[in-house]
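User: I'm new to reading structures. Can we go through this one together, a question at a time?

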Amino acid sequence: MMVTIMDIDSVMNIITQGTLEVVTPEELQDKLEKDQKTAYIGYEPSGKVHLGHAITVKKMIDLQKAGFKVKILLADLHAYLNGKGSLEEIKKISEYNMECFRALGLSEDTEFILGSNFQTDEDYTMKVYELAISTTLTRARRSMAQITRDAEDHQVAEVIYPLMQVVDMLFLEVDLAVGGMEQRKIHMLARDNLPKLGFSSPVCIHTPLLHGTDGSDKMSSSKENFIAIDDQPKVIIEKIKKSYCPAGETEGNPILEIAHHFIFNERETLLIQRPEKFGGNLELTQEELIKMYADGDLHPLDLKNGVADCLVDVLKPVRDYLKV
RNA sequence: CCCGCCUUAGCUCAAUUUGGCAGAGCAUCGGACUGUAGAUCCGAGGGUUGCUGGUUCAAGUCCGGCAGGCGGGACCA
């Protein structure tokens, strides 16, 4: 008995770690007791899979460790509705995306599902219509505020999108939905409405958004402010060197965020090679690094050099897997 | 379906009145300055003027057609 409780605690810890919120922890705990439990995330196929995506993929890996079956929706129809191109083009890059996600370390039994394979079924469509009746326009639009590509010339597609995402959860029979914080409003819509369709609400887990290398709020494939998981070493170094990185500033600093999410999650320390005249090499824990940087004792360029070298190393398995 | 207005650089818009070499700001790229980036200066690149036909020596500008957007009207057994 004691052992079981301990286990649940450590599993809860793995799942919760690095997230901004779990809605709700109590429900998650209940889910953990199920034998078969499914976690899901959907991605619009994208020309480049970047570090922002990787944060959520790593959370899916955590969930696999915690005993969840993971389903990844390659949301080609959603991308289509969001004006990302022709369905053919989108399907093509979804193949590449699948390889990228695998390269990040998801286990073999990860299930990849192409949205268009089931999202035009009659049953599915009827559920979308049903949901359309009980959802107000303003709420549907509001849920898309951080997802839609262009704020002007709104298409009807924009409000179909969140309805479909809700029905996806029903059809994929998910216990848990994962997404970046921008997905929050759609997830809340799902939690409110799925019971009306006779399905229980999924637990929702939201991860932080990674700042763009330009310092803007969100790393995004449509802006040139991302580092792709399969970027060449010299590209990674170049992009980090060009990144926004104010001295002494630890909030919203993309370089420190990258270190946090992709270096200190799997290593105790970061080696910073520094010319003798600036004080020589350092090997720092995250805590030491942040204190030193905040105090102005670590120059941004040294930070960048250290993080760039290490990130190149961290992403090597991804490049090897993808043979790039 | 009808009427009106709009469409110019990646973005926001000038230039239309009176036809005469298509411009600015922002963004991008490069240089300077900082032991990073940013900020700030300096410089550069960037265009099928929605598409198409016509008038003219000459069309972003005038006329016709088409497409897209916005607003209104009409229809509503």
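**Rings, strands and RNA**

User: Is Phe 118 buried or exposed?
Analyst: Phe 118 has a relative accessible area of 11%. Buried means under 20%, exposed over 50%, and partly exposed in between (1.4 Å probe, protein chains only). So Phe 118 is buried.

User: What kind of model is this, and where does residue numbering start?
Analyst: This is a predicted model: local features need pLDDT of at least 70, side-chain atom pairs count only at pLDDT 80 or more, and totals for chains, interfaces and linings use all residues. Side-chain values use heavy atoms, without hydrogens and water, chains are lettered from A and ligands numbered from 1 in the order written, and residues along each chain, as its sequence is written, are numbered from 1.

User: What type of aromatic pair do Phe 118 and Tyr 124 form?
Analyst: A search of the whole structure turns up 4 aromatic pairs (ring centres of Phe, Tyr or Trp, using its six-membered ring, within 6.5 Å; planes under 30 degrees apart are stacked, over 60 edge-to-face, the rest tilted). For Phe 118 and Tyr 124, the centres are 5.5 Å apart and the planes make 80°, which makes the pair edge-to-face.

User: Why does Tyr 124 count as buried?
Analyst: The value to look at is its relative accessibility. Tyr 124 counts as buried because that value is 1%.

User: Which residues share one aromatic cluster with Tyr 124?
Analyst: Tyr 124 also pairs with Phe 171: their centres are 5.2 Å apart and their planes at 65°, so that pair is edge-to-face too. The link joins distant parts of the chain, 47 residues apart: Tyr 124 is in helix H6 (residues 122–133) and Phe 171 in helix H8 (residues 157–171), where helices (H or I, at least four residues) and strands (E, at least two) are DSSP runs numbered from the N terminus. Phe 171 is partly exposed, at 28% relative accessibility. The cluster with Tyr 124 brings in Phe 118 and Phe 171.

User: How many residues of strand S6 are buried?
Analyst: Strand S6 covers residues 203–207. On one side sit Val 203, Ile 205 and Thr 207, on the other Cys 204 and His 206, and both faces are covered. The buried count is 5 of 5.

User: Which residue in S6 is the bridge partner of Ala 177?
Analyst: Two strands pair if DSSP finds at least two bridges between them. Strand S1 (residues 21–23) runs antiparallel to S6, joined by 3 bridges, with Val 22 opposite Ile 205. Strand S5 (residues 176–180) pairs with S6 in the parallel sense over 5 bridges. There, the partner of Ala 177 is Cys 204.

User: In which sense do S7 and S8 pair?
Analyst: Strand S7 (residues 269–272) has Leu 270 and Ile 272 on its covered face, and Thr 269 and Leu 271 on the uncovered one. Leu 270 has Leu 284 as its bridge partner in S8. Over 4 bridges, S7 and strand S8 (residues 282–285) pair in a sense that is antiparallel.

User: Which helix gives the most residues to the surface near RNA strand B?
Analyst: There are 14 residues around RNA strand B (near means a heavy atom within 4 Å), and among those that come nearest are Ser 243 and Lys 304. A polar side-chain atom of Lys 304 lies 2.7 Å from a base oxygen, and a polar contact is a pair of N or O atoms within 3.5 Å. A backbone N or O atom of Ser 243 is 2.7 Å from a sugar or linking oxygen. With 4 residues, the top contributor is helix H13 (residues 300–314).

Methods. A polar contact is a pair of N or O atoms within 3.5 Å; within protein, one must be able to donate a hydrogen and the other to accept it, and residues adjacent in sequence count only if both atoms are side-chain atoms.
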